[in-house]
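Have the sequence and the 3D view open side by side while you read. We'll go through the fold piece by piece and stop at a few residues along the way.

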Amino acid sequence: MGQPNAGKSTLLSVISAARPKIADYPFTTLQPNLGVVQLSDHRTFVVADIPGIIEGASEGKGLGLQFLRHIERTRALAFLIPIDVLEWQDEYDKLRAEIAAYSAELAAKPHCVIFSKLDLWGEQMTPEINAPGAFGIYSISAPGRMGLDELKAAWWGELLVLKKGLAGEKKQ
Ligand SMILES: Nc1nc2c(ncn2[C@@H]2O[C@H](COP(=O)(O)OP(=O)(O)OP(=O)(O)O)[C@@H](O)[C@H]2O)c(=O)[nH]1
Ligand SMILES: [Mg+2]
């Protein structure tokens, strides 16, 4: 999830065979898109790309947040922050607040932070950000094909951790 134009659909298009609509205007994505991510062997998982979220979305601004009902069963969330917004912390806090206002359950899911459009920065870096509970903070560039393998591997690792956690819960 992320603000309009953050690069969500572009990310899905470079890590899966999905071909979502991509454009440099806000609210290009109107419905969630799904893509299957394939790791180097037979390991696969599904990623959902959803419409953009703006401040006030939980009160109906932009496309609202009703589309989030489609991802209620997702195991983990990713918050995408384009590097060129500069106010990274503010961006993260606002997105988290909108999700929390929509659903405490969704907000409590494991999440990570992804800085996108790193090619616009000119050098490799990951901003420091206070993201309590995030399982990771990553940076990527879709056109530069940067950070994508690391991201896929990290997501896979997190899914394994979650699976183990669930197995543990069932045993008790
Ligand atoms: N330079 C650069 N541009 C990017 C990158 N990722 C996406 N873009 C551009 O940013 C614009 C928006 O990309 P989308 O993938 O459509 O963004 P989105 O987050 O899906 O936007 P919505 O569907 O409106 O919420 C497009 O013009 C993309 O080409 C990136 O890593 N680097
Ligand atoms: Mg999109």
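What follows covers the strands, two helices, the ligand shell and some single residues.

First, the ground rules. This is a predicted model, so local features need pLDDT of at least 70 and side-chain atom pairs count only at pLDDT 80 or more, while totals for chains, interfaces and linings use all residues. Residues are numbered from 1 along each chain as its sequence is written, and chains are lettered from A and ligands numbered from 1 in the order in which they are written.

**Strands**

Helices (H or I, at least four residues) and strands (E, at least two) are DSSP runs, numbered from the N terminus. Two strands count as paired if DSSP finds at least two bridges between them.

Start with E1 (residues 33–38) and E2 (residues 44–49): they run antiparallel and are joined by six bridges. Together they make a hairpin, with five residues between the two strands. If you want to trace the register, Gln-38 has Thr-44 in E2 as its bridge partner, and Val-37 has Phe-45.

Further along, the pairing is parallel. E3 pairs with E4 in that sense over six bridges, with Ile-81 opposite Phe-115 in E4. E4 also pairs with E5 in the parallel sense, over three bridges. Phe-115 turns up again here, with Ser-139 as its bridge partner in E5.

How much of E4 is buried? Five of its six residues are, so the strand is mostly covered. Here "buried" means that 20 or more other C-beta atoms lie within 10 Å of a residue's own; 12 or fewer makes it exposed, anything in between partly exposed, and C-beta atoms are placed from the backbone.

**Helix H2**

H2 (residues 88–102) has 15 residues and reaches 22 Å from its first C-alpha to its last, close to the 21 Å expected at 1.5 Å a residue. That expected span is 1.5 Å times one less than the number of residues.

Which residues of H2 are buried? They are Glu-91, Tyr-92, Leu-95, Arg-96, Glu-98 and Ile-99. They cover an arc of only 160° around the axis, which puts them on the same side of H2. The arc is that of the directions from the helix axis to the C-beta atoms. As background, an α-helix has 3.6 residues a turn, so residues three or four places apart point the same way.

The cover over the buried residues of H2 includes strand E3 (77–82), helix H3 (104–107) and strand E4 (111–116). Contact here means that the C-beta atoms of two residues, placed from the backbone, lie within 7 Å.

Asp-90 also lies in H2, but it counts as exposed because it has 12 C-beta neighbours inside 10 Å. From Asp-90 to Tyr-102 is twelve residues in sequence and 18 Å in space, C-alpha to C-alpha.

**Around ligand 1**

There are 24 residues around ligand 1, and Gly-7, Ser-9, Asp-24, Thr-29 and Gly-52 come nearest. A residue is near the ligand if its C-beta atom, placed from the backbone, lies within 6 Å of it. By class, the shell has ten nonpolar, ten polar and four charged residues. Nonpolar covers Ala, Val, Leu, Ile, Met, Phe, Trp, Tyr, Cys and Pro; charged covers Asp, Glu, Lys and Arg; the others, Gly among them, are polar.

Helix H1 (residues 8–15) gives the largest share of that shell, three residues. H1 is mostly covered, with six of its eight residues buried: Lys-8, Ser-9, Thr-10, Leu-11, Leu-12 and Ile-15.

**Loop residues**

Most residues other than glycine have a negative phi, and most peptide bonds are trans. Here are two non-glycine residues with a positive phi.

| Residue | Phi | Loop | C-beta neighbours |
|---|---|---|---|
| Lys-117 | about 65° | between E4 and strand E5 (137–139) | 22 within 10 Å, buried |
| Arg-145 | about 50° | between E5 and helix H4 (148–171) | 11 inside 10 Å, exposed |

The loop between E2 and E3 holds Ile-50, which is buried, with 22 C-beta neighbours inside 10 Å. Ile-50 touches Met-1, Thr-29, Pro-32, Phe-67 and Ile-71, leaving out residues up to four places away in sequence. Ser-40 is ten residues from Ile-50 along the chain, and their C-alpha atoms are separated by 26 Å.

Glu-59 lies in the loop between E2 and E3 and counts as exposed, with 11 C-beta neighbours inside 10 Å. Glu-59 and Glu-98 are 39 residues apart along the chain, with 8.8 Å between their C-alpha atoms.
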